[in-house]
Amino acid sequence: MKLESLTQSIGEWLRGTGPESDIVMSSRVRLARNVAQYPFVSRASEQDRADIERFLRERIATVPIGKGLEYIDVGHLEEIDRQFLVERQLISREHADAQGARSVAIDRMEQVSLMINEEDHLRIQCMHSGLDLRGAWEQIKVVDDQIEKVVPYAFHPRWGYLTACPTNVGTGIRVSVMLHLPALVITRQIDKVFRSLHKISLAVRGLYGEGSQAMGDFYQISNQTTLGRTEEELVEQVGDVVPVLIDYERRAREFLVRETQQNVHDQVSRAFGILRTAQTISAEETMQLLSRVRMGVLLGLIGDVKLADINSLLVRTQPAHLQKLRGMELDTNDRNIERARYLRQHFEGGDASSRVIAN
Amino acid sequence: MKCQHCDKQAVFHITELEAGAVRELHLCEDHARNYLNQSESEVETPEEAAEGAVGGGALTGPLGVGQTADELALLDQRACDMCGITFFEFRNQGRLGCPHDYVQFEKELEPLIANIHGSTEHTGRRPSRGPTVAGAEPLPDGTQDLTRVIGLRREMKESIALEDYEKARENRDAIRSIEDRWIGPSASTASEAPAAEMERGSE
Ligand SMILES: [Zn+2]
Ligand SMILES: [Zn+2]
């Protein structure tokens, strides 16, 4: 698969459609699975890893969902290409940085991805735009069932599906939603919300959270436990809390408009102004400002900008995407200059996403 | 051994696993009580929480509270019959070596898993098994029998290193018969064994 072909689309999670997509960016379910006749990845030899990879590919190719998949050999990719896949959330940072034979299989919609030889032999991921956990769960169930017909998943009657880390054992499921919560951040209510989520054992992490600082007010909420409850119960556990968070965020947005209209309008306009005029800008600052502009669009404070455009910029201004779009490797300084140019061109003429590539 | 916070005798030896790193605590009774109370009521900041969630590594919580240092040392030396990982290695890396570890270290993992999940019993979906390939037998729910090949493969390597080709051939045949049974002959992993050397060794 040519990675360049992916730069033309923005991928499922940033499509900006689906229920509640003003706040819920995407819904995701992943399953951790291992093959019974091999050691877990961290203890597998180079030969084992190659065998696991081949065994899974050969077997998955024989079932219906296997036919629509494209494989990318992550082990032989350049650093920038691995980073590119991370930015699109098709592979994890851990998978990008790992050693040895490993790959990812992706369906054409970029909804399903199968990571081979991440922390577990197989990580199945299914991602839908907006709030659609149920849809993602129904889809991944089909994928998992088909693969289970041909692959002997390691299973123990008491412990369930066996995983390399005991934190994933049992169902092996991680259910998560990516939320955009700028108003809760501005009104300083976000910490309180997180603390209450922790009490009901849900985990929160920031987007691209390499450090602890969540960038651009994007947060991922997910289940922390995988054993002792059914998959449906865990999907519900996360699903039940999302409407509450959506309600908090909406009320915080209303509060901002009602009580601090001038202030918010000023903040949003300044953010928009910087994005349209900056001569050099970092990825972090870009994401922060895009987050504010996104809120401005949703509050009707900025006209003329489409939500899908903002979402698209969120991924296309990331380092690897930017370099792919320019067709060359750039150091940090040059990237910051290129990013600023890309943003200026984009906002000058409305939808300029494709024109910039030709430039 | 002295408590690490005061001069009293340490009676509690606590091992904490977090995100792949291990922390050992040796505490007197008073400090142990403080510690345990504190870790229960501790409120994580969002930053800590985010860190803990990264990589699914929230392996926190006391393991084997009240074990003596000697007991811990003995436990650490125990190794998996299949993949050979020691409990010490697992504690250091936070990752298990193979599916059999859940059987081999069941007693040791139980309190750890109870602490992470608040449960020690899977209630979710179970495999609906048929033959994974034409000619193979349908697998039972549990896959322990197939997992035995991990140990046999290790033994075969050792036999070859010791030039005990007789033994290596036995290992290879055992692997083949298990794999043929559950995943079909075409998927056998024993085919890459240095067959020529084994044959030569039999003369
Ligand atoms: Zn003390
Ligand atoms: Zn093992």
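**Chain B as a whole**

I began with chain B, where residues 24 or more positions apart account for 48% of the contacts with a separation of 6 or more, a contact being heavy atoms within 4.5 Å. I note that this is a predicted model, in which local features need pLDDT of at least 70 and side-chain atom pairs count only at pLDDT 80 or more, while totals for chains, interfaces and linings use all residues. Residues are numbered from 1 along each chain as its sequence is written, chains are lettered from A and ligands numbered from 1 in the order in which they are written, and side-chain values use heavy atoms, with hydrogens and water left out.

I looked up the secondary structure of chain B and found nine helices and three strands, taken as DSSP runs (helices H or I, at least four residues; strands E, at least two) numbered from the N terminus. Read from the N terminus, the order of elements in chain B is β-β-α-α-β-α-α-α-α-α-α-α. Of its 203 residues, 44% count as buried, that is, under 20% relative accessible area with a 1.4 Å probe and protein chains only.

**The zinc site**

I then turned to the zinc ion (ligand 2), which is coordinated at 1.9 to 2.4 Å by B:Cys80 (SG), B:Cys83 (SG), B:Cys98 (SG) and B:Asp101 (OD); donors are N, O and S atoms within 2.8 Å of the metal (3.2 Å for Na, K and Ca). Along the chain these donors follow the spacing C-x2-C-x14-C-x2-D. The arrangement is tetrahedral because the four donor atoms subtend angles of 95 to 121°, and four donors count as tetrahedral if all angles lie between 85 and 135 degrees. I checked two of the donor residues for burial: B:Cys80 counts as buried at 2% relative accessibility, and B:Cys83 counts as buried at 6%.

**Two helices of chain A**

In chain A, I looked at helix α9 (residues 231-277) and helix α10 (residues 283-298), whose axes come within 9 Å and cross at roughly 135°; axes are lines fitted to C-alpha atoms over the stretch in contact, and angles run from 0 to 180 degrees between N-to-C directions. That makes α9(A) oblique to α10(A), a word for angles that are not under 35, over 145 or from 65 to 115 degrees. Residues making the contact include A:Leu256 and A:Phe272 of α9(A), and A:Leu289 and A:Val293 of α10(A).

**A glutamate in chain A**

Lastly, I looked up A:Glu338, which is found in helix α13 (residues 332-348) of chain A. A:Glu338 is buried, with a relative accessible area of 11%. Leaving aside residues up to four places away in sequence, A:Glu338 touches A:Leu322, A:Arg326 and A:Leu330.

How values were computed: Tetrahedral: all angles 85-135°; square planar, octahedral: opposite > 155°, others 65-115°. Buried < 20%, exposed > 50% of the residue type's maximum accessible area, 1.4 Å probe, protein only.
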